[in-house]
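Trainee: I would like to go through this model step by step. Can you take my questions one at a time?

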Amino acid sequence: MTDRVYPSAKPAANGTTTAAAAVSNKANGGAPTFPATKAQLYNTTRPLYRPQPPPRRRSGRSCCCRCCLWTTFTILLIILLAAIAGAVVWVLYRPHRPSFSVSSFQVSQFNITSSSQDSQLNSKFNLTVSARNPNGKIIFLYDPITVSITSDGVDIGDGSFPGFVHGKKNTTTLRTVITSAGQSLDSTAVNSLKNKKSLPLKIKLDTKVKVKIGSLKTTKVGIRVSCDGIKTALPTGKSAATATTSDAKCKVDLRIKIWKWTV
């Protein structure tokens, strides 16, 4: 009897089995499968590389710009509120500046004595000033007023007025005597004042004032009153010389101090 030879029970090689499996899957209607490549085997556990964007840094420039923006906005808001408040006050009270005028000015004494060392001035003036408040709802409260008289830029006398309360629709008359005793003069000042028949004068009044509106009082504000256009003859003997004040004009200016400067 002849012996039969059977196929070996040893499993087929890897490629043969995989190929058969691929053919079997295709016969069953599925997609054929193929062995994994080396790239797939090595990259199965490696994460995909994704480039990260650079970290965002908060620059100081953006913070500075933001700060400048808010500061500008705040300043504009304050200016707007101040403008609105000023408009309301103007509509309700119609405020006007006080006015000043020189009522009379007399020169009682004006002597210049010269020596080998220096020259000295002795002078005496009688000054009368009228202050008028044209407002019907506003009161002015004045501090003591300093007075200075100059001629061609040379100081020839200093004095003061007492402080006072300037009522509504009121005209107040202020009188004072201004003197200069033994004031030293340089050669330029002597040449400017001596041998003149008449002197051009300028009067300055400096003070601080509060404004009262109803029960509300403001802080003190500096003002300066400058009066020009005054001319006077020099006295002869014991009689006083009266200055011409018909052309005198007085101007009132605010004096606001900002740190070290007064504007």
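Mentor: Start with a definition: UniProt positions are given in the numbering used here, feature names are shortened, and annotations may be inferred rather than shown by experiment. This is a predicted model: local features need pLDDT of at least 70, side-chain atom pairs count only at pLDDT 80 or more, and totals for chains, interfaces and linings use all residues. Residues are numbered from 1 along each chain as its sequence is written, and side-chain values use heavy atoms, with hydrogens and water left out.

Trainee: Which residues does UniProt list for "transmembrane region"?

Mentor: The listing comes from an unreviewed UniProt entry. The span is 100% helix and 0% strand. Helices (H or I, at least four residues) and strands (E, at least two) are DSSP runs, numbered from the N terminus. The end C-alpha atoms lie 39 Å apart. The record gives residues 67–93.

Trainee: Why is Cys67 not bonded to Cys68?

Mentor: A disulfide is a pair of cysteine sulfur atoms within 2.5 Å. The closest cysteine sulfur to that of Cys67 is in Cys68, and it is too far for a bond, because the distance is 5.8 Å.

Trainee: Which cysteines does the disulfide join?

Mentor: The count comes to one disulfide. Its S to S distance is 2.1 Å. The pair links distant parts of the chain, 23 residues apart, with one cysteine in strand 10 (residues 221–233) and the other in strand 12. The names are Cys227 and Cys250.

Trainee: Is the disulfide of Cys227 and Cys250 right-handed or left-handed?

Mentor: Look at the torsion about the S-S bond. It is about 110°, so the disulfide of Cys227 and Cys250 is right-handed.

Trainee: Is Cys227 buried or exposed?

Mentor: Buried means under 20% relative accessible area, exposed over 50%, and partly exposed in between (1.4 Å probe, protein chains only). Cys250 has 24%, so Cys250 is partly exposed. Cys227 has a relative accessible area of 2%, so Cys227 is buried.

Trainee: How many bridges join strand 1 to strand 2?

Mentor: Two strands pair if DSSP finds at least two bridges between them. Strand 1 (residues 99–114) and strand 2 (residues 119–133) run antiparallel, and a hairpin joins them through four residues. Asn111 stands opposite Asn122 in strand 2. The number of bridges is 14.

Trainee: In strand 7, what is the bridge partner of Val129?

Mentor: Strand 2 and strand 7 (residues 170–185) pair in the antiparallel sense over 14 bridges. The partner of Val129 is Leu174.

Trainee: Which residues does Thr245 touch, not counting those up to four places away in sequence?

Mentor: Thr245 is in the loop between strand 11 (241–242) and strand 12 (249–255). Its relative accessible area is 18%, so Thr245 is buried. Contact means heavy atoms within 4.5 Å. The residues touched by Thr245 are Val102, Ser103, Phe105 and Ile230.

Trainee: Which residues do ring pairs link into a cluster?

Mentor: Rings of Phe, Tyr and Trp (its six-membered ring) pair if their centres lie within 6.5 Å; planes under 30 degrees apart count as stacked, over 60 as edge-to-face and the rest as tilted. The structure holds five aromatic pairs. One of them, Phe140 with Tyr142, is tilted, at 6.3 Å centre to centre and 40° between the planes. The cluster is Phe100, Phe140, Tyr142 and Phe164.
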